[in-house]
Amino acid sequence: MTKKNRRAAFTLVELIVVLAILAVLLIVIVPRVTGYVSEARETAAQNNASAILRAAELYVVDQEGDGKDPAGTYTNGGGEGATLDGYIDNLDEKDSYTLTIVYNDDSSQYDISGSYTSGDITVTIPEMTVTHNDASE
């Protein structure tokens with residue numbers, strides 16, 4: 001067989017070496033990528049929890065401005081919390097939150113706390129205090 005007639009091709013050993021290198025790279029890269037995805041989902045949930053807290057703050061201020069008492073427990077999608085849903089943009093239907101707004105007589109402030117769940121991630125909504133603005137005082 002002359003060199004002109006010989007076809008250029010991978011040998012079986014070269015193919016096995018390339019596949020082994022690819023397998024090692026996948027073993028190293030896949031756990032890191034899935035870790036980044038999990039971190040991104042958790043960060044998104046924390047951002048959504050903060051957005052819900054800001055919406056609750058707006059709700060408290062608006063309700064007080066209308067002379068209503070905003071204290072109560074709120075959940076998405078109905079019940080007592082249905083009025084709070086209008087203050088929250090882009091909440092996925094499968095996500096859920098629970099907020100508690102309590103009036104503290106000693107400090108004349110509303111204390112807001114709760115939790116937010118997105119899929120299998122649950123985060124605590126950071127606590128916030130909103131100062132009570134009574135126009136009659």
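Author: Two strands pair if DSSP finds at least two bridges between them, and strands (E, at least two residues) and helices (H or I, at least four) are DSSP runs numbered from the N terminus. This is a predicted model, in which local features need pLDDT of at least 70 and side-chain atom pairs 80 or more, while totals for chains, interfaces and linings use all residues. Residues are numbered from 1 along each chain as its sequence is written, and side-chain values use heavy atoms, without hydrogens and water.

Reader: OK, what is the order of the four strands in the open sheet?
Author: The pairing in this open sheet is antiparallel. Its edge strands, which pair on one side only, are E1 (72–75) and E4 (121–131). Reading across the four strands, the order is E1-E2-E3-E4.

Reader: Which residue in E2 stands opposite Gly72?
Author: E1 and E2 (residues 96–104) pair in the antiparallel sense over four bridges. At one point along this pairing, Thr75 faces Thr98 in E2. Gly72, for its part, stands opposite Ile101.

Reader: And what is the bridge partner of Thr100 in E3?
Author: E2 and E3 run antiparallel and are joined by nine bridges. Their hairpin has four residues between the strands, and Ser108 takes a positive phi near 55° there. Thr100 of E2 has as its bridge partner in E3 Ser113.

Reader: Which helix packs on the sheet?
Author: Look for the element that touches E1, E2, E3 (109–118) and E4 (a contact being heavy atoms within 4.5 Å). That element spans residues 12–65. The one packing on the sheet is helix H1.

Reader: Which residues form the uncovered face of E1?
Author: Split this edge strand into its two faces. Gly72 and Tyr74 make up the covered face of E1. The uncovered one consists of Thr73 and Thr75.

Reader: Why is the pair of Tyr59 and Tyr87 called edge-to-face?
Author: The structure holds three aromatic pairs (Phe, Tyr or six-membered Trp rings with centres within 6.5 Å; planes under 30 degrees apart are stacked, over 60 edge-to-face, the rest tilted). For Tyr59 and Tyr87 the ring centres are 5.4 Å apart. The pair gets its name because the planes stand at 85°.

Reader: How many residues apart in sequence are the parts that this pair ties together?
Author: Tyr59 lies in helix H1, whereas Tyr87 is in the loop between helix H2 (82–85) and E2. Ring pairs also bring in Tyr74, linking Tyr59, Tyr74 and Tyr87 into a cluster. The Tyr59–Tyr87 pair therefore ties together parts whose separation in residues is 28.

Reader: Is Tyr59 buried or exposed?
Author: Its partner Tyr87 has a relative accessible area of 27% and is partly exposed (under 20% is buried, over 50% exposed, in between partly exposed; 1.4 Å probe, protein chains only). Tyr59 is at 4% relative accessibility. That makes Tyr59 buried.

Reader: Which proline does Ile112 touch?
Author: Leave out residues up to four places away in sequence. Ile112 then touches, among others, Leu53, Ala56, Val60, Leu99 and Met128. The list also includes Pro126.

Notes: Axes fitted to C-alpha atoms, helices over the stretch in contact; angles between N-to-C directions.
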